[in-house]
Amino acid sequence: MQKAVSKSLDRIDRTILETLQHQGRISNVELARKVRLSPSPCLDRVKKLESEGFIEGYQARLNAAKLGLGVVAFIQITLERSGAKVFSRFKQAVVDIAEVEECHMVAGEFDYLLKLRIRNMEEYHLALGRLAELPGVAQTQTYMVTEPIKQGSGLSLRAAPE
């Protein structure tokens, strides 16, 4: 788990983060112009944000439907019992299931919430079978996505502490 924000971010840092979050391929010159700095200090700020862990990396956003992975399912997983060993074994096993795009331990009526990206219902059934066989799994509940409304829009920096 990541530590909380270790330093305050000024307006320029926030603008850099917000811009890079939505335009990861922007040139440093264009970014500098946008935040009203010269290119060298702008690049220094980006490198500092990277080294301090505010920027974890850069990646392309892929079109899942064009890649044949347009079916999304959320699956609640309830484990047979609680305990560090049970949680650890489950976590080690779930990372090896390629269809699992995200896995979150949650507080509430179930233990984990998984997001699967799959091609079709046949692939869903195969993935669900593998999930049901993971160590400690007692119960699963699936929710198929019928229409994505908002996804991957980035972090809201308005919510981050000043």
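**View 1. The largest nonpolar core of this predicted model.** In this predicted model, the largest nonpolar core brings together 20 residues. If you would like a place to start looking, Ile77, Leu79, Phe90, Leu114, Leu116 and Leu131 are the members with the most contacts inside this core. At least two core residues come from each of strand 1 (71-79), helix 4 (84-94), strand 3 (112-118) and helix 5 (121-132).

**View 2. Leu114 and its surroundings.** Here we zoom in on Leu114, one of the core residues with the most contacts. Setting aside neighbours within four places in sequence, Leu114 touches Ala73, Phe74, Ile75 and Ile77, along with Phe90 and Val94. Val100, Glu102, Cys103 and Leu131 are also in contact with Leu114.

**View 3. A second, separate core.** Next comes a core of 14 residues, separate from the one above. Among its members are Ile26, Cys42, Val46 and Leu157. Cys42 has a relative accessible area of 0%, so this residue counts as buried.

**View 4. A nonpolar patch on the surface.** Phe74, Tyr143 and Val145 make up this patch, and together they have about 240 Å² of accessible area. Phe74 belongs to strand 1 and is also among the contacts of Leu114. Because its relative accessible area is 31%, Phe74 is classed as partly exposed.

**View 5. Cysteines in two settings.** Is Cys103 buried or partly exposed? Its relative accessibility is 31%, so Cys103 counts as partly exposed, whereas Cys42 is buried at 0%. With a cut-off of 2.5 Å between cysteine sulfur atoms, the model has zero disulfides.

Note on methods. Residues numbered from 1 in each chain as written. Predicted model: local features only at pLDDT ≥ 70, side-chain atom pairs only at ≥ 80, totals over all residues. Heavy atoms only, no water. Core = buried A, V, L, I, M, F, W, Y, C linked by side-chain atoms within 4.5 Å. Buried < 20%, exposed > 50% of the residue type's maximum accessible area, 1.4 Å probe, protein only. Helix = DSSP H or I, 4+ residues; strand = E, 2+ residues; numbered from the N terminus. Contact = heavy atoms within 4.5 Å. Patch = residues over 30% accessible without salt bridge, like charges linked within 9 Å, V, L, I, M, F, W, Y side chains within 5 Å. Areas by Shrake-Rupley, 256 points an atom, 1.4 Å probe, with all protein chains shown as cover. Salt bridge = Lys/Arg side-chain N within 4 Å of Asp/Glu carboxyl O.
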